Amino acid sequence: MEIISKKTPVVVNMTNYLAMNFNANALLAIGASPIMSFYDKEMEELVGICDSLVINIGCLDDAQIAGMRVAAAAAHNSGKPWVIDPVGVGASKARTETAVELITEYHPAIVRCNASEIMVLHGTACKTRGVDSVEPVEKARSCAREFAAQHGLVVAVSGAVDYITDGEREAEVRKGSPLMAKVTTMGCCATAVCAAFAAVLPPFEAAVQAMDLMGSAGEAAAARSRGTGSLAVNFIDELSLAK
Amino acid sequence: MEIISKKTPVVVNMTNYLAMNFNANALLAIGASPIMSFYDKEMEELVGICDSLVINIGCLDDAQIAGMRVAAAAAHNSGKPWVIDPVGVGASKARTETAVELITEYHPAIVRCNASEIMVLHGTACKTRGVDSVEPVEKARSCAREFAAQHGLVVAVSGAVDYITDGEREAEVRKGSPLMAKVTTMGCCATAVCAAFAAVLPPFEAAVQAMDLMGSAGEAAAARSRGTGSLAVNFIDELSLAK
Amino acid sequence: MEIISKKTPVVVNMTNYLAMNFNANALLAIGASPIMSFYDKEMEELVGICDSLVINIGCLDDAQIAGMRVAAAAAHNSGKPWVIDPVGVGASKARTETAVELITEYHPAIVRCNASEIMVLHGTACKTRGVDSVEPVEKARSCAREFAAQHGLVVAVSGAVDYITDGEREAEVRKGSPLMAKVTTMGCCATAVCAAFAAVLPPFEAAVQAMDLMGSAGEAAAARSRGTGSLAVNFIDELSLAK
């Protein structure tokens with residue numbers, strides 16, 4: 001992806017253990033330079049050399065939360081864009097409290113989530129069931145708009161139709177394949193790709209470009225895949241071939 | 001897999017770092033909804049929303065063990081089926097003590113292991129060498145039967161011929177490919193698949209169905225694979241295509 | 001790989017979370033038996049049953065560092081070869097201090113790194129940018145030679161041309177593909193493969209054989225890959241087919 005690779009942004013990726021390898025390969029495929037760590041004692045230095053930051057709460061523990069606070073504060077204080085993925089928020093108090101604290105204290109540029117997650121963040125009662133969304137993306141749009149406006153950030157909600165808003169502007173991406181939801185950490189990957197674009201574009205444009213690339217790559221990959229195993233592989237191939 | 005996907009069970013998967021991505025993709029491929037965490041502070045809530053639980057001791061540390069106790073207790077107290085994979089038990093005191101404690105205190109529905117591991121658990125002297133089994137599965141059968149009867153659970157021993165017993169009933173699965181042992185966390189994956197089936201079937205039937213699906217998918221995948229890299233990918237494809 | 005598989009060495013692999021699955025599959029593909037753990041309470045026992053050890057500092061935390069000290073000491077005291085991958089050394093004080101301490105206290109057989117990393121270890125000022133090397137491998141050669149001679153170990157520097165030295169002898173490997181740098185943990189994989197060879201050959205010969213196998217497999221894999229996703233898969237296939 002030329003817009004990324006001509007800068008080769010360093011993306012510090014604090015993400016869950018499932019996502020690390022797949023997401024690092026996605027970032028490398030589009031021309032970014034990923035670095036993965038949770039270690040509180042080095043996060044300030046790592047954020048110091050990065051161009052953008054991902055915080056993904058998919059596999060929390062006390063040590064990770066400590067590292068996330070240091071990293072989010074460092075990004076906020078230095079004006080570097082950071083993206084949060086509130087994986088499974090609402091499924092436990094720890095997830096909800098961590099996501100809310102990080103967003104309200106350290107102001108991410110983008111919240112990249114699914115429909116259930118933005119509704120939990122918005123405070124709307126909704127049915128959460130594990131880490132997969134059970135709310136149609138449409139219902140979540142008003143929550144996303146209000147949350148974006150209230151917190152001065154961009155919300156990118158993935159679903160059959162992706163929805164991106166900064167509270168005023170709105171965009172839709174109608175691409176992709178339903179099979180993408182059967183590849184683990186595909187959503188986390190969207191978050192990482194948002195962060196790579198946020199290193200070279202303003203947050204709203206970054207999120208739209210990222211979701212568009214995810215959809216295009218996923219659709220092309222699905223067309224040549226026998227099942228969900230080859231979809232994951234072909235998806236990285238497509239990212240690495242994107243102009 | 002229709003029997004799984006019509007319920008879409010939430011499977012909480014406390015598994016080793018190697019297995020997480022591959023096993024999550026396997027669970028998604030058969031229609032389950034995986035959620036992965038070790039965090040003691042959220043395990044009670046996560047087990048509360050799950051249909052079954054996996055505990056895999058492949059990469060232990062103190063924090064994981066704390067989380068495993070909370071999760072196993074929550075599953076036991078709420079009557080939810082859980083499956084243990086005693087990876088490398090016998091290779092260290094920490095592994096042996098953790099596996100024995102979890103089994104005797106919190107009563108899993110299924111122990112999914114290899115021949116060496118069930119012999120260690122049974123207390124039979126046997127040669128353990130890292131995490132790969134060096135005992136033929138046949139020798140482990142009497143250990144499995146006695147252990148199953150004594151603890152009131154199902155033991156599923158993988159090998160060239162898989163063996164499943166609840167202490168009285170016995171089943172064999174003669175499928176698969178020797179190449180499966182060359183794909184990391186294939187055994188852990190069998191454990192995760194056992195847990196998905198245990199959410200919709202009684203433990204003995206669940207273990208038999210799971211090992212049968214593993215063998216069928218592995219055999220079909222091996223037939224179309226050039227080496228062990230493509231075997232891992234084709235295996236997930238086969239799971240995602242299984243009826 | 002017959003020279004490996006006829007011994008099936010147990011390789012204890014303390015590596016970063018990204019690398020674990022891919023590196024375990026690489027070790028299995030060449031006929032080694034990987035075991036992965038960071039747990040300080042079991043590292044002495046695990047090193048006791050291993051034939052070689054990897055320490056990779058790619059995703060440090062306090063618990064990992066504690067485990068690494070126990071493992072490195074156990075390997076050193078029992079005369080078992082161990083290999084360090086100083087991932088991103090120079091990017092944070094924690095990485096630099098950990099790498100330097102482990103090398104100077106516990107004397108690895110091989111340092112497997114990129115050009116920037118050996119220059120940091122050598123104390124030469126050089127530009128480090130995340131975990132990817134920005135120095136041409138040529139500039140790092142004199143650093144590698146001096147560092148190897150001073151510490152009595154082998155340094156294997158990967159790059160467009162790989163360079164291996166024990167301070168006196170030198171070897172080059174001119175194989176591989178530039179696309180290999182776009183697959184995450186390919187360098188970590190070289191480190192793991194070095195450790196497998198170090199279980200059956202002296203360190204210098206082990207490093208040369210390992211880098212040669214990496215280059216051959218990567219080159220063959222690149223020739224049949226559409227993008228970087230299939231490259232990772234084909235690379236493991238090639239390793240599993242290597243004689």
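Begin by selecting helix 2 (19-29) and helix 10 (228-241) in chain A, in chain B and in chain C, since each of these helices supplies at least two residues to the lining of the largest cavity. Keep in mind throughout that this is a predicted model.

**The cavity**

With those helices displayed, turn on a cavity surface: the structure holds 4 cavities of 30 Å³ or more, and the largest of them has a volume of about 660 Å³. To find its centre, select A:Asn21, A:Val233, B:Asn21, B:Val233 and C:Asn21, which lie nearest to that point among the 36 residues of the lining. What is the division of the lining residues into nonpolar, polar and charged? Colouring the lining by residue class will show 23 nonpolar and 13 polar residues, with no charged residue in the lining of this largest cavity.

**The axis**

Next, display the chains as backbone traces and consider how the copies are related. A turn of 120°, with a shift of 0.0 Å along the axis, lays chain C on chain B with an RMSD of 0.0 Å, and this is the relation of a three-fold axis. Select C:Tyr17, whose C-alpha lies 3.7 Å from the rotation axis and which comes closest to that axis of the residues of chain C.

Chain A can then be compared with chain C, on which it is superposed with an RMSD of 0.0 Å by a rotation of 120° and 0.0 Å of shift along the axis. Here the residue of chain A to select is A:Tyr17, which comes closest to the rotation axis, its C-alpha being at 3.7 Å. Do chains A and C meet through matching or different surfaces? The copies meet through different surfaces, because only 6% of the interface residues of chain A are also interface residues in chain C.

**The contact between chains C and B**

Now hide chain A and select the residues through which the other two chains touch, 31 from chain C and 29 from chain B. Together, chain C and chain B bury about 2500 Å² between them, and 54% of this area is on carbon and sulfur atoms. On the chain C side, show C:Leu28, C:Tyr39 and C:Asp237 as sticks, as these residues lose the most area to chain B and together make up 22% of what that side buries.

Finally, look for the charged pairs across this contact, where 3 salt bridges are counted between chain C and chain B. One of them can be examined by selecting B:Arg95 and C:Glu42, which form a salt bridge whose closest N and O atoms are 2.7 Å apart.

Definitions and conventions:
Residues are numbered from 1 along each chain as its sequence is written. Chains are lettered from A and ligands numbered from 1 in the order in which they are written. This is a predicted model: local features need pLDDT of at least 70, side-chain atom pairs count only at pLDDT 80 or more; totals for chains, interfaces and linings use all residues. Side-chain values use heavy atoms; hydrogens and water are left out. On a 1 Å grid over the protein atoms alone, a cavity is a set of points where a 1.4 Å probe fits but cannot get out, and a pocket is an open set with protein on both sides within 12 Å along at least five of seven lines; lining residues have an atom within 4 Å of a point. Grid points are joined across faces, edges and corners, and a volume is the space filled by probe spheres set on the points. Helices (H or I, at least four residues) and strands (E, at least two) are DSSP runs, numbered from the N terminus. Ala, Val, Leu, Ile, Met, Phe, Trp, Tyr, Cys and Pro count as nonpolar, Asp, Glu, Lys and Arg as charged, and the others, Gly among them, as polar. Copies are superposed by least squares on the C-alpha atoms of residues with pLDDT of at least 70 in both. Contact means heavy atoms within 4.5 Å. Buried area is the accessible area (1.4 Å probe) that two parts lose on being put together, summed over both. A salt bridge is a side-chain nitrogen of Lys or Arg within 4 Å of a carboxyl oxygen of Asp or Glu.
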